[in-house]
Amino acid sequence: MVAAVPGPVVLVAHSAGVMTTVHWARSSSRPVVGALLATPPDFDTPLPEGYPTPEVLSRSGWTPTPRTTLPFPSIVASSSNDPLGSAVRIARLAEHWGSRLVRLGEVGHLNPGSGHGPWPQAEELIREIEQG
């Protein structure tokens, strides 16, 4: 999708999409204005029942999670009660990636399963990224 967009892009990713983004960033030279990375999962800690095991994540190339500074500005939006990643571990990932951490409070995994629909704060954060 990114290759089809002319010029620099702003990336917005949620959950496993965050992991896709940080893996992609290691090998891409595509100009990126910045990224909003919402509630990344912690794939280095076993996930709750019903999610892939650490072995499956490893075999599929999801782990280890990259821990290098991203080549573009980024914001990690973190939940204090996300079942897929503790706030402390997600804060460490944000630090590794060179991301600004925005603590959202108790929003679960920030998805419909956590009772969420539209997320207006995302628009504010995207504008912040666009304005540099």
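**Close-up views of a predicted four-strand, four-helix model**

**View 1. The turn just past helix H3.** Right after H3 ends, Gly 98 adopts a positive phi of about 75°. Please keep in mind for this and every other view that the model is predicted. The helix that leads up to this glycine covers residues 87-97, and the next view takes a look at its two faces.

**View 2. Helix H3 has a buried face and an exposed one.** Which residues of H3 are buried? They are Ile 90, Ala 91, Leu 93, Ala 94 and Trp 97. These five residues span an arc of only 160° around the axis, so they sit on the same side of H3. Val 88 and Glu 95, on the other side of H3, are exposed. The cover over the buried residues of H3 includes helix H1 along with strands E2, E3 and E4.

**View 3. The sheet is open and parallel.** Its four strands are arranged in the order E1-E2-E3-E4, with parallel pairing. Strand E1 (9-14) and strand E4 (100-103) are at the edges with a single partner strand each, and therefore one side of each has no neighbour in the sheet. From one strand to the next, the twist averages 15°. To follow one pairing in detail, look at E3 (residues 74-78), which is joined to E4 by four bridges. Ala 77 is a handy place to start: its bridge partner in E4 is Val 102.

**View 4. Helices H3 and H4 meet the sheet.** H3 packs on the sheet, where it touches E2 (32-38), E3 and E4. The direction of H3 makes about 180° with that of E3. Helix H4 (residues 120-131) lies across E1, E2, E3 and E4. Relative to E2, H4 runs at about 155°.

**View 5. Helix H1 and the loop leading into it.** Which residues of H1 (residues 16-25) are buried? They are Val 18, Met 19, Thr 21, Val 22, His 23 and Ala 25. These buried residues pack against E1, E2 and H3. In the loop between E1 and H1 you will find Ser 15. This serine has a positive phi of about 60°, although it is not a glycine. Is Ser 15 buried or exposed? With a relative accessible area of 14%, Ser 15 is buried.

**View 6. Two more loops deserve a visit.** Most peptide bonds are trans, and most residues other than glycine have a negative phi. Against that background, Thr 63 and Pro 64 are joined by a cis peptide bond, with omega about 5°. Pro 64 belongs to the loop between helix H2 (54-59) and E3. Further along, in the loop between E4 and H4, is Leu 110. Leu 110 is not a glycine, yet it has a positive phi of about 55°. Leu 110 is also buried, with a relative accessible area of 12%.

**View 7. Stepping back to the whole chain.** The protein has four helices and four strands, and along the sequence they follow the pattern β-α-β-α-β-α-β-α. Its radius of gyration is 14 Å, close to the 14 Å from the globule rule for 132 residues, so the protein is as compact as a globular protein of that length. The C-alpha trace spans about 40 × 35 × 25 Å along its principal axes. Of the 132 residues, 39% count as buried. Among contacts between residues at least 6 apart in sequence, 71% link residues at least 24 apart. The protein exposes about 7,300 Å², and carbon and sulfur atoms supply 55% of that area.

Methods
Residues are numbered from 1 along each chain as its sequence is written. This is a predicted model: local features need pLDDT of at least 70, side-chain atom pairs count only at pLDDT 80 or more; totals for chains, interfaces and linings use all residues. Side-chain values use heavy atoms; hydrogens and water are left out. Two strands pair if DSSP finds at least two bridges between them. Axes are lines fitted to C-alpha atoms, for helices over the stretch in contact, and angles run from 0 to 180 degrees between N-to-C directions. Contact means heavy atoms within 4.5 Å. Buried means under 20% relative accessible area, exposed over 50%, partly exposed in between (1.4 Å probe, protein chains only). The arc is that of the directions from the helix axis to the C-beta atoms. The radius of gyration is taken over C-alpha atoms; the globule rule is 2.2 Å times the number of residues to the power 0.38. Accessible areas come from the Shrake-Rupley method with a 1.4 Å probe; for residues, only the protein chains shown count as cover.
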